[in-house]
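Let's take a friendly walk through the hollow spaces inside a protein. Have a look at the sequence and the 3D view below before reading on.

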Amino acid sequence: MPPQIPYIIANEGCERFSFYGMRNILTVFLMTSLLLAIPEPLRKGEAKEVFHTFVIGVYFFPLLGGWLSDRFFGKYNTILWLSLVYCAGHACLAIFENNLKGFYFGLFLIALGSGGIKPLVSSFIGDQFDKSNRSLAQKVFDAFYWIINFGSFFASLLMPIFLKKFGASVAFGIPGGLMFLATVIFWSGRRKYTHVPAGVSHRDPHGFLKVVRTALLSQRPGEGRAGLIVAGLGVVLAIGALTLSTAPGVGFVIAFCSALVLLLGFGGAGAWMQLERAAAVHPPEAVEGVRTVLRLLVLFALVTPFWSLFDQKASTWVLQADQMTKPAWFESSMMQALNPALVMILIPFNNFVLYPLLERMGLKLTALRRMGAGIAFAGVAWIVVGGIQLSIDGGQSVSITWQVLPYALLTLGEVLVSTTGLEFAYSQAPLPMKGVITSFWNLSVTIGNLWVLLANSSVKGEAVTSYIQSTGTSVTAFQMFFFAGFALVAALLFALYARGYRMQNNYRG
């Protein structure tokens with residue numbers, strides 16, 4: 001086991017406490033303090049929109065962090081500098097508790113810092129291993145995810161109490177202190193890390209973007225350029241999406257993220273259609289590397305519905321908990337502590353009990369099988385939570401303990417998808433693109449939250465509202481069952497596509 005691993009694991013535990021400490025009280029703080037000027041019937045929707053916009057930012061900025069790391073500064077320097085930005089964001093939340101612009105600027109800095117380092121810390125772990133000790137890497141990625149939830153558990157349990165007892169400055173200040181400690185721990189291991197140099201993809205004449213450009217622009221006698229037309233259509237549609245940023249109920253975040261999805265989807269499809277043309281200019285391994293990345297992006301796209309369900313436990317599920325009966329001392333947002341507690345139980349249980357038992361029964365749970373099953377479990381969790389909402393809408397008094405079952409199902413899905421996906425993304429990425437590919441893995445979370453914003457925006461329309469009313473269910477319950485179906489369809493498509501995927505082993509020699 002590389003001796004530098006404890007520094008990265010300890011850094012991640014403190015950083016995750018800081019992130020979840022502020023994130024898990026964000027919706028409650030917005031509802032009870034910062035957004036009081038907004039009429040109460042509209043406040044719930046506004047709080048959800050701010051929360052998911054923040055999450056979109058957190059999982060969009062990995063693209064920037066991965067690009068800066070792979071092309072210019074390397075993973076260590078990028079993590080260290082963005083961690084300082086992260087600390088400044090926490091300071092803004094603690095200082096500007098009554099200032100809307102100052103508080104939102106703090107959220108922006110946290111999204112930039114947290115998002116920028118997010119893909120780099122996990123890929124930095126992978127850099128500490130090579131093909132000789134790769135078998136230990138998945139164990140460390142599991143430990144990495146375990147410590148994330150260790151920090152998240154105590155943050156989820158304690159921060160709502162600190163917010164209620166001591167106010168927002170203390171509740172947002174404590175996570176800031178933990179983030180500063182995380183930065184100091186990471187800096188302390190600087191002489192022990194394995195550093196993979198930056199700028200490899202920039203200097204490589206056969207890099208990913210160069211191969212894609214060749215594929216799209218190359219001509220063959222007697223053949224058209226259908227792939228270029230498809231990619232161009234994506235550019236036109238993306239521009240069209242950006243023009244909708246001023247439309248009612250859309251806004252810049254939805255428009256920008258939609259444009260990004262259109263560019264990636266149509267651009268990737270166009271490159272795939274003409275990829276063989278790049279073989280005349282680039283070596284076979286470079287062309288095959290692009291093919292691998294494009295296949296990988298399809299899998300990541302099919303994971304996005306999972307994240308649209310998972311991240312709503314901190315918004316939709318908290319708001320549902322407000323409507324349920326519970327002890328007087330219990331805050332609705334404290335229910336989220338159940339998620340990391342279950343993760344800390346399920347990771348060792350799966351590795352030491354469940355997976356070996358299934359293998360003895362002849363069923364090998366590959367990485368892709370785990371991820372497909374995890375998406376399906378999330379869908380089932382939302383069927384259960386939708387049933388709970390129907391009971392609440394029917395006027396029944398429902399205890400908050402009923403949320404334990406959907407939390408358990410969703411957490412099982414999380415362990416199968418997220419812990420597996422971290423190592424999967426690293427192992428499948430070509431060597432010069434580790435930071436960027438793990439950024440795309442995180443981008444799937446952004447797109448998942450985009451689906452939430454689009455769903456929330458669509459139910460504001462009169463036609464959709466009228467249809468939901470005709471079904472006899474509330475808007476909240478209808479959306480819950482919609483998201484459940486969304487995830488189950490995605491799980492089926494993921495399983496079908498994964499059958500033809502060829503696994504790679506892209507650890508350094």
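## Spaces inside the model

The second largest cavity is lined by D142, L346, I347, N350, N351, Y355, R370, V415 and T419. Keep in mind, as you turn the view, that this is a predicted model. Two elements give two or more residues each to the lining of this second largest cavity: helix 14, which runs through 338-360, and helix 16. Helix 14 provides the largest share, with 5 residues.

What kinds of residues surround this space? By class, the lining of the second largest cavity has 4 nonpolar, 3 polar and 2 charged residues. As for its volume, the second largest cavity comes to about 50 Å³.

Now step back to the whole structure. How many cavities of 30 Å³ or more does a search of it find? The search finds 4. The largest of these cavities holds about 310 Å³ of space. There are 23 residues lining the largest cavity, and the closest to its centre are R16, Y59, K118, I148 and N442. Try finding these five in the view.

Which elements give two or more residues to the lining of the largest cavity? Going along the chain, they are helix 1 (5-23), helix 5 (100-127), helix 6 (137-166), helix 12 (284-310), helix 16 (404-428) and helix 17 (434-458). You met helix 16 earlier, in the lining of the second largest cavity. Sorted by class, the residues around the largest cavity are 12 nonpolar, 4 polar and 7 charged.

Conventions: Residues are numbered from 1 along each chain as its sequence is written. This is a predicted model: local features need pLDDT of at least 70, side-chain atom pairs count only at pLDDT 80 or more; totals for chains, interfaces and linings use all residues. Side-chain values use heavy atoms; hydrogens and water are left out. On a 1 Å grid over the protein atoms alone, a cavity is a set of points where a 1.4 Å probe fits but cannot get out, and a pocket is an open set with protein on both sides within 12 Å along at least five of seven lines; lining residues have an atom within 4 Å of a point. Grid points are joined across faces, edges and corners, and a volume is the space filled by probe spheres set on the points. Helices (H or I, at least four residues) and strands (E, at least two) are DSSP runs, numbered from the N terminus. Ala, Val, Leu, Ile, Met, Phe, Trp, Tyr, Cys and Pro count as nonpolar, Asp, Glu, Lys and Arg as charged, and the others, Gly among them, as polar.
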